[in-house]
Amino acid sequence: MTISDATPDLATSSGATTAPSTDQAWTPRLWGVLAVLCLVMFLDGLDVSMVGVALPSIGTELGLSTTSLQWIINGYVLGFGGLLLLGGRTADLLGRRRVFLIALTVFAIASLVGGLVDNGTLLIASRFVKGLAAAFTAPTAMSILTTTFKEGPARNRALSIFSVFGASGYSSGLILGGLLTSAGWRWTFLMPVPFAVLALVAGAALIPRDRAADTGGHDIVGAATLVSGMLLAVYTVVSAPARGWADPLTLGSFALAAALLASFFVVENRVAHPLVRLSILRVGSIVRANLSIVALFGSYLSFQFMMTIFLQSVLGWSPLEMALGLLPAGIIVAFGSPFVGRLIDAFGTARMIIAALTSLSLGYLWFLFAGSDQPDYTIAILPSVVLLGVGFALGFTSIMAQATSGVDDSEQGLASGLVQTSAQVGAALVLALTTALVTAGSHTATGISGAGFHQFHSGLVLVTGVALLGLLITVSPLLRRVLNPA
């Protein structure tokens, strides 16, 4: 089956309507392959949030400002998002098993290096390399899953389990990060190493060999323009507050970034083997899934970054106290995500995404209005944590399912790479803007020393607006149907 150019409507955007009449038998080897993929997905998600908890400790030991600290997150996120499309395409062309194992090896090595260096620049560089490796493991893992499990109940079930580990990685990283940072921030970098090695050995034994594609090629020019354009755009946003938004260098950097990104689309229309087949962007459900993941990840990661700084550097919480305070979100994601596959079958992905973004928006709004310099945990923080946990649990699986539904096996790497690229690039850009807003007007070393809740107000407004915009985009087909019944 290939992608149709028609836009699926709200009611039919679910795996249930395209499911085959017979389900797939789950053998022990199939479970083993899924376990390996889930472990790698868990590590990819864990790495962002776990290291985020350690940022204040890293900044204190290495003397890094808040602006520099955000590059420890964005270095990984940009390396991840910048080459995801190339990673997915490479898996389709060279063989998923081979690409998966090589990238996982690089991931383990970069994790080890990051835990041993004593220089901020080298630490950020190791994070970027690690993100590049994840750019190949993540879409390859998802394309292995979507080509191993048949579309319908079997794939929805596998995606549900897979997403539990991905979503739990992001959420449980806060708890694990708090525990490990209490022993020393380097453990947040070193902990993934043995698990990556375990996944590497198990993957080599369990993942079946596949053949490289007979035809196709790499779009190196497209990858180069995309990565350089995104890096320059994020760097410009981060450096603009200090240099000035109207500074000629800032304006020139924005113009160059826009030109590079525009040239990417020109290249994709002309190259024989494009990184992105642009006609895939004519499918309404896939476009909405990619915009929804920008809203989900962009707002969630930026809110987490602000909460990490606010709770530890402003309120004086220890890493462990912060981890316990945010634990309810991790519990909801871990125990709620397994049921999302059934909800998708019953209600469709679009309705589930609407529910997810509604919950996220309410969580941000609650903290925006209930937060203060001395917030009461049960009144100001806990309700937001619960709402965010519900939103992430519902949204992650639903968006992934919608983004890959109806896609031919030969392009599963492209579809999964596209949605994960949207997630990471969206997160990088929103985080860069959030950091610029939070540190604006501050001249301290950290950018937030001595600040209060007001310092984070504009950042909270931004993440709330991003979530609400994602909700509006997702609900737009329903609004059009109500306003124009025909």
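Here are some friendly notes on how several helices pack in this predicted model, and on the empty spaces among them.

1. Let's start with H11 and H15. Helix H11 covers residues 284-314 and helix H15 covers residues 349-370; their axes come within 11 Å and cross at roughly 25°. Angles under 35 degrees count as roughly parallel, so H11 is roughly parallel to H15. The crossing in which H11 passes H15 is left-handed.

2. If you want to look at this contact on screen, these are the residues to display. On the H11 side they are Ser292, Ala295, Leu296, Ser299, Tyr300, Phe303, Met307 and Phe310. H15 answers with Ile353, Leu357, Leu360, Tyr364 and Phe367. Sorted by class, the contact of H11 with H15 holds 11 nonpolar residues, 2 polar ones and no charged ones.

3. H15 also packs against H16, the helix of residues 377-404. The axes of H15 and H16 are 7 Å apart, and the packing angle is about 155°. Angles over 145 degrees count as roughly antiparallel, which means that H15 is roughly antiparallel to H16. Their crossing is left-handed. The contact of H15 with H16 has 22 nonpolar and 8 polar residues, with no charged residues.

4. H16 has a further partner in H13. Helix H13 spans residues 327-336, and its axis lies 8 Å from that of H16, at an angle of about 25°. H13 is therefore roughly parallel to H16. Here the crossing is right-handed.

5. Which residues make the contact between H13 and H16? From H13 come Pro328, Ala329, Ile332 and Val333. From H16 come Tyr377, Leu382, Val385, Val386, Gly389, Val390, Phe392 and Ala393. By class, the contact of H13 with H16 comprises 11 nonpolar residues, 1 polar residue and no charged residues.

6. Now for the enclosed spaces. How many cavities of 30 Å³ or more does a search of the whole structure find? There are 4. The largest cavity holds about 120 Å³ of space. Its lining consists of Leu174, Tyr300, Phe303, Gln304, Met307, Leu326, Ala329, Val385 and Leu388.

7. Several names in that lining will look familiar. Tyr300, Phe303 and Met307 line the largest cavity, and these H11 residues also take part in the contact with H15. Likewise, Ala329 and Val385 are in the cavity lining and in the contact between H13 and H16. H11 and H16 are the elements that give two or more residues to the lining of the largest cavity, and H11 provides the largest share, with 4 residues. Of the lining residues, 8 are nonpolar, 1 is polar and none is charged.

8. Finally, please have a look at the largest pocket, which has a volume of about 640 Å³. It is lined by 25 residues; Phe265, Val294, Thr421, Ser422 and Val425 lie nearest its centre. The elements supplying at least two lining residues each are helix H9 (220-243), helix H10 (248-270), H11, helix H17 (412-439) and helix H18 (457-483). The largest share of the pocket lining, 8 residues, belongs to H17.

9. Is the lining of the largest pocket charged or uncharged? It contains no charged residues, and divides into 20 nonpolar and 5 polar ones. H11 is worth following through the model: it packs with H15, contributes to the lining of the largest cavity and supplies at least two residues of the lining of the largest pocket.

Note on methods
Residues are numbered from 1 along each chain as its sequence is written. This is a predicted model: local features need pLDDT of at least 70, side-chain atom pairs count only at pLDDT 80 or more; totals for chains, interfaces and linings use all residues. Side-chain values use heavy atoms; hydrogens and water are left out. Axes are lines fitted to C-alpha atoms, for helices over the stretch in contact, and angles run from 0 to 180 degrees between N-to-C directions. Angles under 35 degrees count as roughly parallel, over 145 as roughly antiparallel, 65 to 115 as roughly perpendicular and the rest as oblique. A crossing is left-handed if the near helix is turned anticlockwise from the far one by less than a right angle, and right-handed if clockwise. Contact means heavy atoms within 4.5 Å. Ala, Val, Leu, Ile, Met, Phe, Trp, Tyr, Cys and Pro count as nonpolar, Asp, Glu, Lys and Arg as charged, and the others, Gly among them, as polar. On a 1 Å grid over the protein atoms alone, a cavity is a set of points where a 1.4 Å probe fits but cannot get out, and a pocket is an open set with protein on both sides within 12 Å along at least five of seven lines; lining residues have an atom within 4 Å of a point. Grid points are joined across faces, edges and corners, and a volume is the space filled by probe spheres set on the points.
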